[in-house]
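Reader: Hi! Could you walk me through this one over coffee?
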Amino acid sequence: MRPELPSLTALQAFEAALRHQSFTRAAEELGRTQGAVSRQVALLEAQLGVALFHREHPRVRPTRAAERFGTKLRALLDRLSALLLEMQAHTATGGVLHLAILPTLGTRWLIPRIPAFYRRHPDVSLQLTTRLGVFDFEVELLDAAIHYGEAVWPGARLEHLMEEEVAVVASAELLAAGRLERPEDLGSQPLLQLQSRLGAWDEWFAAVGAPGLRYRSAARFEHHLMVIQAAIAGLGVALLPSFLVREELHSGALVEPFPRLRARTRRAYWLAYPERSLELPALTALRDWLWERLEAEGLRQPRA
């Protein structure tokens, strides 16, 4: 038979006391009295038959059993919170949407436009986290993700958002120091690399009719945002999604030596989500708004 479960109040009191190692600070966090937290922990100890704290006034020190129990309990409470938020997301028009985003796409493009999304959908709340690659939605407990790559994601549906166009950019100072009149001139320049796209330069050279060109690789970076800053600092020439550097090109912080040689990449941006998210009103609202926004900015072909 399933054992009688402790009350959620007692579990929350224990978890807070364990984090703070203080009944007083736990009480402040939970909005209860110190005596109430102490009583809840005592009830939990009695039900479990295990001492959870050494009382050393004015602080408390967790036992080894408490530390082991607390680690697993915290994960369960986090999963319970995620489940409750997921159920709240099933409201008729809005709710909470837990969305994984690419770091630079989120920072440079999505987040500045979220106020416009909220004006359209004030009843939707977006909870954002960053992920670089494919992950298991059931393990991560996320509702959806904006993904760049192939149209492959095991256990998830994919809806096309937009293609990607890349441009060669560099600082004005770097370009002034070396003539760049044709792609072959890049062979003498340090070319900045994105760790997740180490073949990007080879693809671009092939696309513009200069395959097999030998070039000098410069530093590698984890995110596009780092590559952008490195290019502005004059560390080398960068190959970047054109929509992510519109501001820098407009301000002159970056210059495009070959504006007619932009190229489409082989991959695209997708909205990925598990089957369980299919009926979330918040996901539908975000998807439709993304399509509309991308079309308005010329990043996506209008729907027929």
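Author: Happy to! The largest nonpolar core (buried Ala, Val, Leu, Ile, Met, Phe, Trp, Tyr and Cys residues joined through side-chain atoms within 4.5 Å; buried is under 20% relative accessible area with a 1.4 Å probe, protein chains only) has 31 residues, and Leu110 and Ile146 have the most contacts inside it.

Reader: Which element gives the largest share of this core?
Author: That is H11, with 8 residues. Helices here are DSSP runs of H or I with at least four residues, and strands are E runs of at least two, numbered from the N terminus.

Reader: And what does Ile146 touch?
Author: Leaving out residues up to four places away in sequence, its partners include Leu99, Leu110, Leu161, Trp270 and Leu290. A contact means heavy atoms within 4.5 Å.

Reader: Before I go on, what kind of model is it?
Author: This is a predicted model, where local features need pLDDT of at least 70, side-chain atom pairs count only at pLDDT 80 or more, and totals for chains, interfaces and linings use all residues. Residues are numbered from 1 along each chain as its sequence is written, and side-chain values use heavy atoms, leaving out hydrogens and water.

Reader: New topic: how many helices and strands does the protein have?
Author: There are 11 helices and 10 strands. The radius of gyration, taken over C-alpha atoms, is 26 Å, well over the 19 Å from the globule rule for 304 residues, so the protein is more spread out than a compact globule. That rule is 2.2 Å times the number of residues to the power 0.38.

Reader: What share of the residues is buried?
Author: Of the 304 residues, 44% count as buried.

Note on methods. Buried < 20%, exposed > 50% of the residue type's maximum accessible area, 1.4 Å probe, protein only.
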